[in-house]
Amino acid sequence: MLHFKYLLWLAVGVLLPQLVGSATLMSLLTQSLIYALFALGVGILLRQCGLVSFGHAAFFGISGYSVALLMRDLELGAASAIVLTLVALAIVAFLLGLVVSRIPGIAFGMLTLAIGQTVYLSALKSRETLGGADGLNINWPSSIFGLDVRLFYDPASMFVISWVVMLVTIYLLDRLFRSRFGSITSAIRDNEERARFIGLHVMLPKAVVYALSAVVSGLAGVLSAIYTGFISPETLHWSVSGTALIMTILGGVRYLWGPILGAIFYFFVKEYVGELTDYWMAMLGAVVIFIVVFAPNGVSGLLMQLQERRQKRKQDVIVRRMEVRS
Amino acid sequence: MIQVPFFSVRDLVVDYGGVRAIDGVHLEINKGEIRGLIGPNGAGKSTFIDAVTGRRIPTAGQVQLGGEDITQLAVVARRMRGVSRSFQRTSIFHDMNVLEQVFLASHQAQAKDPERDAVAILEELDLLQYADWRAGDLGYGQQRRLDLALALVGSPSVLLLDEPMAGLTVTESRDLAQHLKRLARERNVTVLLVEHDMEVVFGISDRVTVLELGKPLAEGTPDEIRANPKVREAYLGSAA
Amino acid sequence: MLGISIFNGLVYGSLLIICASGLAMIYGLRRVVNFAHGALYMLGAYIGYTLSLYLNIWFALLLAPLAMGMIGVLLDKAVFRPLQERDPLSVLLVTFGLLLVIEDLVRAFWGRGSLSIEVPALLADSIELFGNPTPLYRLAVIGLGVGSMVLIWAWLRFSRTGLYVRAASTDPLTTAMMGVNTERVNALVVGVGTALAGLAGVAAAPMLSLAPSMGADVLVDSFVVVVIGGLGSLGGALISAILLGQVQSFGTIYLPGLSAVLPFLMMIAILIWRPSGLAGNRV
């Protein structure tokens with residue numbers, strides 16, 4: 001049943017590019033999808049640990065730089081450079097997570113912002129190795145993981161690739177969070193002190209989720225670096241972290257697909273409201289405030305609420321009919 | 001043969017915000033004993049439990065469990081040795097369902113069969129029919145019992161209860177007291193019970209210790225405490 | 001060289017402490033991590049710019065913080081108070097939304113380009129200090145930093161409100177039960193905290209150019225200061241602001257390659273050493 005649902009969504013993703021006529025819309029969708037994965041990384045940290053990161057652009061951007069450097073300076077193949085990057089990212093984020101999860105949750109946002117800006121400024125200043133403000137062009141080989149590199153440049157096929165990556169990620173995360181590990185992290189997020197008093201080590205699980213969320217965002221960074229063939233300090237800037245967070249908030253984190261919806265929503269607002277006014281960021285800010293205050297589960301939460309209500313009404317109708325009959 | 005007390009606190013001192021909240025408390029509890037701890041407001045009862053369970057670092061003194069010094073152990077390490085507690089202000093996992101959190105607590109306490117243990121505790125505390133409820137949706141009395149369930153699963157060796165009956169009606173607290181007594185006896189748990197409700201404490205404790213201003217005032221069986229003139233004067237007043 | 005470096009560190013440290021003390025105060029009392037604090041600093045600088053055009057910079061230095069103070073009171077009444085029962089995370093996210101709104105509003109009013117305020121004529125000269133020519137204005141900024149700290153200290157130490165603020169930042173619940181009009185004090189403190197952000201903004205304006213994005217750097221550094229100092233602790237913030245000012249200025253001169261990473265490394269080192277910051281367990 002569960003797998004059937006995933007197969008259905010897979011079919012949707014494969015068919016969607018066939019149905020979209022406009023090239024602008026297609027590239028908008030592909031870009032949204034890559035950012036959706038990024039936002040998912042930010043979202044699982046919020047969902048499982050109640051932590052808000054203002055520095056995930058670091059993971060998003062570093063992975064691109066790292067893959068570029070591994071291929072350029074160590075002459076690794078694309079696949080091994082990508083795998084190595086994600087493994088290293090997991091280790092670094094885990095260690096970082098051990099340090100930052102020592103301080104109260106509310107300060108976490110400040111810390112991550114500081115970490116993110118540090119990475120941004122370092123990349124900006126590193127002219128020789130990282131190309132300074134200009135960034136780096138990445139020379140991808142003709143095939144990556146056995147796929148023709150041109151498939152990654154074309155918005156329609158890249159959409160399908162990103163879609164598959166995302167479905168697999170969501171599937172794995174869903175399995176993980178339904179396991180005992182999910183229970184443990186929920187308990188810690190819910191009431192850290194009580195968690196310790198029932199015998200849970202609280203730091204380790206937090207660091208693991210932090211590492212996971214870094215890897216998911218890093219994966220998005222890799223996809224973005226392949227798609228654009230380019231990496232610059234701009235991807236590390238804190239406003240990029242902020243963007244991912246906005247997407248996460250808009251979509252809501254109760255459901256894993258919330259941040260994805262949020263990313264798509266964000267890009268459509270940017271594209272279509274951005275045409276009407278220069279000050280769409282202010283409007284987005286107002287929407288964020290509205291959602292945080294009145295709909296903490298975001299757009300996905302609202303949708304699920306609507307559906308529940310409809311189901312209930314349907315049930316009510318059935319009950320009434322049965323009453324009439326009897 | 002000298003009997004070594006199962007759980008003992010020696011010359012415990014706790015300074016808190018420039019005030020000496022606990023001033024040299026000495027306490028010895030035998031295995032399976034239910035000990036009541038009473039005293040007027042500000043006597044330091046909660047601070048005492050906090051210091052014993054590792055929520056607050058004591059300034060001086062020692063806490064021993066089965067002969068081992070556990071004074072400096074972290075909270076998690078204490079729980080691994082069977083030291084468990086409940087909270088005066090209900091402390092549960094609001095967003096998780098009832099069975100899931102009790103099961104998790106049981107599993108962490110390394111119970112042999114966590115699922116059966118969790119179900120048994122829930123049944124004993126009349127919570128089984130709420131097993132799939134979100135804890136935040138329970139009523140106050142049920143949340144108090146859930147707090148207790150989290151402390152009781154996994155057969156702890158020492159259970160420290162910080163006013164478990166706070167905010168319950170008289171019937172509810174009498175009822176809970178009976179559950180508590182049965183569970184403690186069945187599982188051979190050593191209990192330190194801090195409670196405001198005198199009748200509850202006298203009704204289920206084997207022995208009672210009275211604290212006043214961070215110092216022990218008296219110790220004895222419930223009847224001895226009831227009859228102790230010092231206690232009557234300091235705490236019970238004319239009401240007793 | 002060494003003298004200049006220490007001096008510049010002090011100038012930046014002074015600005016930081018003015019700004020960060022506002023942040024720490026608001027956190028101490030309201031338990032709000034205010035992500036809009038940098039945007040308020042920026043707004044203060046822009047209001048100061050307009051005032052300096054129509055009046056002069058002295059009025060700007062006086063009136064802009066005052067205006068920001070009123071905005072702060074408004075912020076408390078319209079945002080922090082209605083949300084005080086909510087999860088601190090929600091409030092943090094709301095301030096993040098505010099940051100986006102304020103930045104765009106400033107863009108709408110003052111444009112996207114960078115503006116500048118001139119150094120007041122009285123302080124335009126330089127004097128010889130330890131054998132180096134030292135701009136008087138920078139010296140005045142250090143004076144401003146010291147002056148504000150002394151005033152805040154005296155306020156907290158000797159006034160009734162100050163007593164309450166100190167009590168509330170250690171134990172908000174008990175203090176609220178003591179029968180103080182907490183809401184008025186809260187509004188006042190958020191007002192003062194916001195005014196301090198504004199003051200730092202105006203004071204910094206003649207030394208750098210104004211841009212809507214100028215708040216980000218200050219916000220990051222203020223966060224580092226507050227985290228290192230111990231959340232909500234003013235004394236801790238003071239020490240860590242001075243420390244950070246020196247680290248930044250030494251880093252720029254002696255370790256240019258590492259200068260961006262130094263504050264961060266300092267923060268990580270201190271957090272590993274003392275997870276609740278320099279001020280210890282006052283969280």
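**Exercise 1. Place helix 1 of chain B on its sheet.**
Task: Find which strands helix 1 of chain B lies across, and its angle to strand 7 of chain B.

Solution.
- Step 1. Start with the helix. Helix 1 of chain B covers residues 45-53 and lies across strand 3 (34-38), strand 6, strand 7, strand 8 and strand 9 (207-212) of chain B.
- Step 2. Take the angle. Helix 1 runs at about 145° to strand 7 of chain B. Keep in mind that this is a predicted model.
- Step 3. Put the strands in order. In chain B, six strands form an open sheet, in the order 6-7-8-3-9-10, and the pairing is mixed.
- Step 4. Find the edges. Strand 6 (83-85) and strand 10 (215-220) of chain B each pair on one side only. From one strand to the next, the twist averages 20°.

**Exercise 2. Explain the word "mixed".**
Task: Compare how strand 7 of chain B runs against strand 8 with how strand 9 of chain B runs against strand 10.

Solution.
- Step 1. Strand 7 (residues 158-162) and strand 8 (residues 190-194) of chain B run parallel, joined by five bridges. Here Asp162(B) stands opposite Val194(B).
- Step 2. Strand 9 and strand 10 of chain B run antiparallel, and five bridges join them. Glu212(B) stands opposite Lys215(B) in this pair.
- Step 3. Look at the turn. The hairpin of strands 9 and 10 of chain B has two residues between the strands, and Leu213(B) takes a positive phi near 50°.
- Step 4. Combine. One pair is parallel and the other antiparallel; the sheet is mixed.

**Exercise 3. Sort out the chain contacts.**
Task: Which of the two touching pairs of chains has the most contacts? Describe the chain C side of the contact with chain A.

Solution.
- Step 1. Chains A and C have the most contacts of the two touching pairs. Chains B and C do not touch; their nearest C-alpha atoms are 10 Å apart.
- Step 2. Count residues. Chain C gives 32 residues to the A–C contact, and chain A gives 32.
- Step 3. Assign elements. On the chain C side, helix 4 (88-110), helix 9 (215-229) and helix 11 (262-273) give two or more residues each. Helix 4 of chain C supplies the largest share, 15 residues.
- Step 4. Classify. The chain C side has 28 nonpolar, two polar and two charged residues.

**Exercise 4. Check an annotation against the model.**
Task: How much helix do residues 106-124 and 280-304 of chain A hold?

Solution.
- Step 1. In an unreviewed entry, UniProt places "transmembrane region" at several stretches of chain A, including 106-124 and 280-304.
- Step 2. Residues 106-124 of chain A are 100% helix and 0% strand, with end C-alpha atoms 29 Å apart.
- Step 3. Residues 280-304 of chain A are 88% helix and 0% strand, with end C-alpha atoms 27 Å apart.

Note on methods. Residues numbered from 1 in each chain as written. Chains lettered and ligands numbered in written order. Predicted model: local features only at pLDDT ≥ 70, side-chain atom pairs only at ≥ 80, totals over all residues. Contact = placed C-beta atoms within 7 Å. Helix = DSSP H or I, 4+ residues; strand = E, 2+ residues; numbered from the N terminus. Nonpolar A, V, L, I, M, F, W, Y, C, P; charged D, E, K, R; others polar. Pairing = 2+ DSSP bridges. Axes fitted to C-alpha atoms, helices over the stretch in contact; angles between N-to-C directions. UniProt positions renumbered as here; feature names shortened; annotations may be inferred.
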